[in-house]
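Visitor: I would like to see how the labels on this structure are earned. Please take me from values to conclusions.

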Amino acid sequence: MVTKKTCKKAAGCACKKAAPAVAEKQPTKNAKLLAWVNQYVKLCQPDNVYWCTGTKKEWKDICEQMVANGQFIKLTSKNRKDCYLARSHESDVARVEGRTYISSKEKVEAGPTNNWEDPAQLKETLRGLYKGCMKGRTMYIIPFAMGPLGNPITKLGVEITDSPYVVVNMEIMTRVGTQVLKAIDKGADFVPCLHSVGAPLKKGQKDVAWPCAPMEKKYIVQFPEDGEIWSFGSGYGGNALLGKKCFALRIASTLARREGWMAEHMLILKLTSPEGHVHYMTAAFPSACGKTNLAMMQPRLEGWKLETVGDDIAWIKPGKDGRLYAINPENGFFGVAPGTSKDSNPNALDSCNKNTIFTNVVLTPDGDIWWEDMGVKAPKEGVDWKGNPCYVCADDPYRMGPKPGMTKKEIKEMGYVAAHKNSRFTAPAVNCPVLDKDGFEGLFDGEPVGVPIDAMLFGGRRPSTIPLVNQAKDWTHGVFMGAAAGSEITAAVISDKIGQVRRDPMAMLPFCGYNMGDYFMHWLTMALRTDATKLPKIFFVNWFRKDADGNFMWPGYGDNSRVLKWICERIEGNVEAVETPIGFLPNPDDIDLTGCDVSKKTLKELLTVDKAGWEKELEGLGADWAAKEDFYGRLPYALKAKLNEIKDGLAKMK
Ligand code: OXD
Ligand code: MN
């Protein structure tokens, strides 16, 4: 064991006090864990090593230490008890898909939808980067659980990081603590997650507010065969909070395949009807399609109650009775701030009232935060996500510009936003007013089995063709629906590709840890691992249809409860549907429009098969599969057959 020094006082402490050598302070005897940690202490050469305990005091101490170091701003508004604001480096604002790798031994195993490099080569490159990368910094060791401790679906991880920002975010997003170390000591396995911001400090060098490495040195690497994660150079979100996308989706999807369960990019919700019937549903939507909004939605139908189990990731396992059961492996919400408003998601806003970390939003003069489309008037002036002054817009009190008196048009033309488009809140799930506490703890009828799933939804942002809701005829058809999912690219994303569909199968495009063709096959085989009569019903929903004038045809948000009600009725077998080549569509009369101003004519349009549109859709899907060489030959035949079957059905339609 190398003999670095560790400060007794506090996590993140920059003091130079002598303290006992690391070896004496290690709170675990697990040989695998110690060997793993010690090799990186040696390689990364931190000044201090700190084992996180996950206590509230520790969280606050590290946050306050970051305030003292100029890396956090403490929010002083009475609405933000124990809340902090961070501003990232301008180059480090989102997940870096171009620098994210699935480094399996063979390229075919990563498939055509992942970046791939040979693991031996990548490890050599990364070892070179990790060498001395933590000089001048503290190495934190974070033992964490993905899922409630004691639940059979839960898995453990340990993240090494030199970023206190990562520590305090991980302490919200996962269950961190000595209990996890105890479980590891008793022999539980863990996923090793190594992270560095890649910005060593020279002796006496002052740290910056957001240390990170340049883009070409950023690497987010999953090694599926070793079950390891190596991340270098970024401190932001999914690049650095390794429990989330790297572990709970990329590595977990490979474990799930091996072990016969599913790791999905899905929210989990609980819906209770006025009669007291309870149904749990999961839903997979690509980014910017309102997953968090649906997970916390306030139903606009009298007597219906929705509660949140999770907003981003579901781990789903066959139970003893042949049904599928799910847990939310996370412990908090890492939500996109802009667009989260009193209208779109009041429960998410309420989740941010305490113990929350905000990143890249606007700081207001009264020590609060603000972002675009928050449904709250902008302050007269504030500080934008880059740390520059910003001012309320001259002709729109809900906008801010970089200079006083600017008009909405001027601000828009500059492409200016005061809060970064991917600015975030990291909020503890327990803050959510509609949290299903039992479901969140992985309990059903008091048993730690997860919640039984009755319906799975896929969706996307599709201005045309795709109906409001469409039920799959069977499991294989449902898998086809998920495999075909995509979202229309809007002007806000890539302006020269407007209207094109980006295929995002099961919303897992950036998150599947292996060949997507094999992933489809794994989905298909779930029908063999369960009681096929008890499998969740699968639905495809689309809240985003537009009319010829470009107006949304469906109000969305709380009105989506009308669609969920029909789904419940289908699950219970209480309502007939119209069989079409693309699936079962509702009779328009069966969607409850009480108190909603959508006309019957519009609803009918939303529920009609657009033959020409579907023919084009299937052609596009086939072309996408061909461009990907049928996932290097791994595309299950059953899905190709399903495509042809639907094509034939459409051809026969009048
Ligand atoms: C997320 C994402 O942050 O999907 O959840 O990108
Ligand atoms: Mn997500």
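**Labels and their grounds**

Guide: Start with helix 5, on the face turned away from its buried side: the exposed residues there are A120 and E124. Keep in mind that this is a predicted model.

Visitor: What makes A120 and E124 "exposed"?

Guide: The label requires a relative accessible area over 50%. A120 and E124 carry that label on the face turned away from the buried side of helix 5.

Visitor: Which residues of helix 5 are buried?

Guide: They are P119, L122, K123, L126, L129 and Y130.

Visitor: How do you know that the buried residues of helix 5 line one face?

Guide: Look down the helix axis. The buried residues of helix 5 fall within an arc of 120°, so they line one face. Their cover includes helix 2 (31-44), strand 4 (100-102), strand 8 (190-196), strand 9 (219-223) and strand 10 (228-232).

Visitor: How do you know that the length of helix 5 agrees with its residue count?

Guide: Helix 5 covers residues 119-130, which is 12 residues. The expected span takes 1.5 Å times one less than that number. This gives 16 Å, and the end C-alpha atoms are 16 Å apart, so the two agree.

Visitor: What lies at the start of helix 5, and what comes just after helix 5?

Guide: At the start, a side-chain oxygen of D118 comes within 3.2 Å of the backbone nitrogen of A120. Just after the helix, G132 has a positive phi of about 70°.

Visitor: Strand 9 was named in that cover. Why is Q222 called buried?

Guide: Q222 belongs to strand 9. Its relative accessible area is 1%. The cut-off is under 20%, so Q222 is buried.

Visitor: What makes the pair Q222 and R250 a polar contact?

Guide: Their side chains are joined at 3.2 Å. The limit for such a pair of N or O atoms is 3.5 Å. R250 is also among the contacts of Q222 beyond four places in sequence, which include T100, Y101, C246 and I251.

Visitor: Turn to strand 25. Why is strand 25 called mostly covered?

Guide: Strand 25 spans residues 451-459, and 9 of its 9 residues are buried.

Visitor: How do you know that strand 13 and strand 16 pair with strand 25?

Guide: Pairing needs at least two bridges. Strand 13 (residues 278-284) has 5 bridges to strand 25, running parallel. M281 is opposite A455 there. Strand 16 (residues 324-327) has 2 bridges to strand 25, running antiparallel. In that pair, A326 is partnered by V451.

Visitor: Which way does strand 29 run beside strand 25, parallel or antiparallel?

Guide: Parallel, with 5 bridges to strand 29 (residues 537-541). F458 has F540 as its bridge partner in strand 29.

Visitor: Which residues have the most contacts inside the largest nonpolar core?

Guide: W315, M456 and W523, in a core of 99 residues. Helix 9 (residues 243-259) gives the most to this core, with 8 residues. Beyond four places in sequence, M456 touches residues including M262, I316, L324, W475, W523 and F539. A second, separate core of 72 residues includes A337, W370, F539 and V541.

Visitor: What makes strand 2 and strand 17 edge strands?

Guide: Each pairs on one side only. They belong to an open sheet of 5 strands, in the order 2-3-18-24-17, with mixed pairing. Within this sheet, strand 18 (residues 357-359) and strand 24 (residues 424-428) run antiparallel, joined by 3 bridges. F358 is opposite F425 in strand 24.

Technical notes. Residues numbered from 1 in each chain as written. Chains lettered and ligands numbered in written order. Predicted model: local features only at pLDDT ≥ 70, side-chain atom pairs only at ≥ 80, totals over all residues. Heavy atoms only, no water. Buried < 20%, exposed > 50% of the residue type's maximum accessible area, 1.4 Å probe, protein only. Helix = DSSP H or I, 4+ residues; strand = E, 2+ residues; numbered from the N terminus. Core = buried A, V, L, I, M, F, W, Y, C linked by side-chain atoms within 4.5 Å. Contact = heavy atoms within 4.5 Å. Arc of directions from axis to C-beta. Polar contact = N/O pair within 3.5 Å; in protein donor to acceptor, adjacent residues only side chain to side chain.
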